Amino acid sequence: MWAELLPVGRSASSGGYRRFAWNSADAECRAWFEQQARNRGLTYELDRNGNQWAWLGDPNAGGAVVTGSHLDSVPDGGAFDGPLGVVSSFAALDELRLRGVEFTRPLAIVNFGDEEGARFGVACIGSRLSAGVLSREAAYELRDADGVRLPDAMERAGYDPTAIGADGDRLARIGAFVELHVEQGRYLAEDQPVGVASAIWPHGRWRFDFHGEANHAGTTRIEDRRDPMLTYANTVLSARKKAKLAGALATFGKVAVEPNGTNAIASLVRGWLDSRAADERTLTELVAEIERAAAERGERDGVRVELTRESYTPVVDFDGPLRDRLAKLLAAPVLPTGAGHDAGILASAIPTAMLFVRNPSGVSHSPAEHAEEADCLAGVAALADVLEDLACQ
């Protein structure tokens, strides 16, 4: 399974992946998922938000145990973030069948759409829509860098966008969701290939618009310039300093410049801030400080600064009894994470938990992302143990 997915959406130049929502690589991944479901005699289903489901047992019976993750990527992302969870889910089911266990609850494997938010700027769109966290109206307003609206992208890919929205009935039939994911830091010790998540830090994305004045780079005096690039650059440095002082994280990883000419002073710079912290108060105060620093520098540069919050996820504490049950079953360490996941979105509606597979590099969202084969197999075995405990007792 792993070998089949490796070439899909891979960039020849960077070695990273460009599996974005509703593009051709995404379609290949979706076709792969459907085929894996049918190869195992599972009931394949596409929900109203474009999420894919593979069911063992009656989908309508209630109390289902669900596992899975996502198959899309960030720009030039690694091979493991998301796909490891989906591949491991199918492999864990294969392992349980080899064990000859008897399922007492329905089991499902899911591929949530557009988890990374690389195309439309909002993470976990598939699970957010299902949980009612993202409204249909708000989703219809989302556009990619080329101005293509989310519903139009879905329609072009052959899906019906008119039905998207909260899917409470489906979530009500789920008793537990367990997502396996590659660890995106380096916190698991050498003798600990698998860990259990305790919580997800609160995190969000904010867009800073720095409005200046376009002008000639070669004829405009320094003192006459209203250069938004200066304000943007100062804001990036300020965010780094303030995050370090707060014990938090702040990253400007995306920027767009207009008119984007080498010999032109920019009229507009847009910078996207990703910020995360251990608690919501720290995060709120940090973003406010960054906004204040940007406005103060903008006043000096003659630049107007606007801030728009594009997405936000509060702190997520995974279901305590389920988390403790998994940690005891696996004798695994419990650790928090600063990364967002579909499991975090669903946690407000159903009991959720996460397993992490060790990443020796500590690198993620990069082609250098890695997990050893032995650790991946340990993750499959751990997930199989969890699913047997939850769905076969």
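Reader: Where is asparagine 263 found?
Author: Keep in mind that this is a predicted model. UniProt, in an unreviewed entry, puts a "binding site" feature at Arg205, Asn263 and Arg276. As for its place in the fold, asparagine 263 sits in the loop between β9 (249-258) and β10 (264-265).

Reader: And those three positions, Arg205, Asn263 and Arg276: how far apart are the farthest two C-alpha atoms?
Author: UniProt's unreviewed entry lists the three under "binding site". They span 72 residues in sequence and do not all gather at one spot, because the farthest two C-alpha atoms are apart by 36.1 Å.

Reader: Back to that loop between β9 and β10: where is proline 259 found, and is its peptide bond from glutamate 258 cis or trans?
Author: Proline 259 belongs to the loop between β9 and β10. Omega for the bond from glutamate 258 to proline 259 is near 0°, so to speak the signature to look at, and that makes the bond cis.

Reader: Which positions does UniProt give for the "binding site" feature that includes His70, and what is their largest C-alpha distance?
Author: The unreviewed UniProt entry names His70, Asp81 and His181. Histidine 70 lies in strand β3 (residues 64-70). The three are spread over 112 residues of sequence, yet they cluster in space, with a largest C-alpha distance of 9.6 Å.

Reader: What about the "binding site" with Glu116: how spread out is that one in space?
Author: Here the unreviewed UniProt entry lists Asp81, Glu116 and His365. Their sequence spread is 285 residues, but they still cluster in space, and the largest C-alpha distance comes to 9.9 Å. Glutamate 116 has its place in the loop between β4 (107-112) and α4 (125-131).

Reader: Which residue has a positive phi although it is not a glycine?
Author: Look in the loop between α1 (2-5) and α2 (24-39), where tryptophan 22 is found. The phi there is about 65°, and the residue is tryptophan 22.

Reader: How is the chain divided, and how far apart are the domain centres?
Author: Domain 1 takes 1-201 + 315-392, and domain 2 takes 203-313. Their contact draws 14 residues from domain 1 and 12 residues from domain 2. The C-alpha centres of the two domains are 33 Å apart.

Reader: What area is buried between domain 1 and domain 2?
Author: The size of an interface is often given as the accessible area lost when the parts come together. Carbon and sulfur atoms give 47% of the area buried between domain 1 and domain 2, and that area is about 1,100 Å². On the side of domain 1 that touches domain 2, the residues are 8 nonpolar, 4 polar and 2 charged.

Reader: How many residue pairs are in polar contact between the two domains?
Author: The rule finds 0 salt bridges across the interface of domain 1 and domain 2. For polar contact, with both residues at pLDDT 80 or more, the count is 4 residue pairs.

Note on methods:
Residues numbered from 1 in each chain as written. Predicted model: local features only at pLDDT ≥ 70, side-chain atom pairs only at ≥ 80, totals over all residues. Heavy atoms only, no water. Domains from an automatic or database assignment. Contact = heavy atoms within 4.5 Å. Buried area = accessible area lost by both parts, 1.4 Å probe. Salt bridge = Lys/Arg side-chain N within 4 Å of Asp/Glu carboxyl O. Polar contact = N/O pair within 3.5 Å; in protein donor to acceptor, adjacent residues only side chain to side chain. Nonpolar A, V, L, I, M, F, W, Y, C, P; charged D, E, K, R; others polar. UniProt positions renumbered as here; feature names shortened; annotations may be inferred. Helix = DSSP H or I, 4+ residues; strand = E, 2+ residues; numbered from the N terminus.
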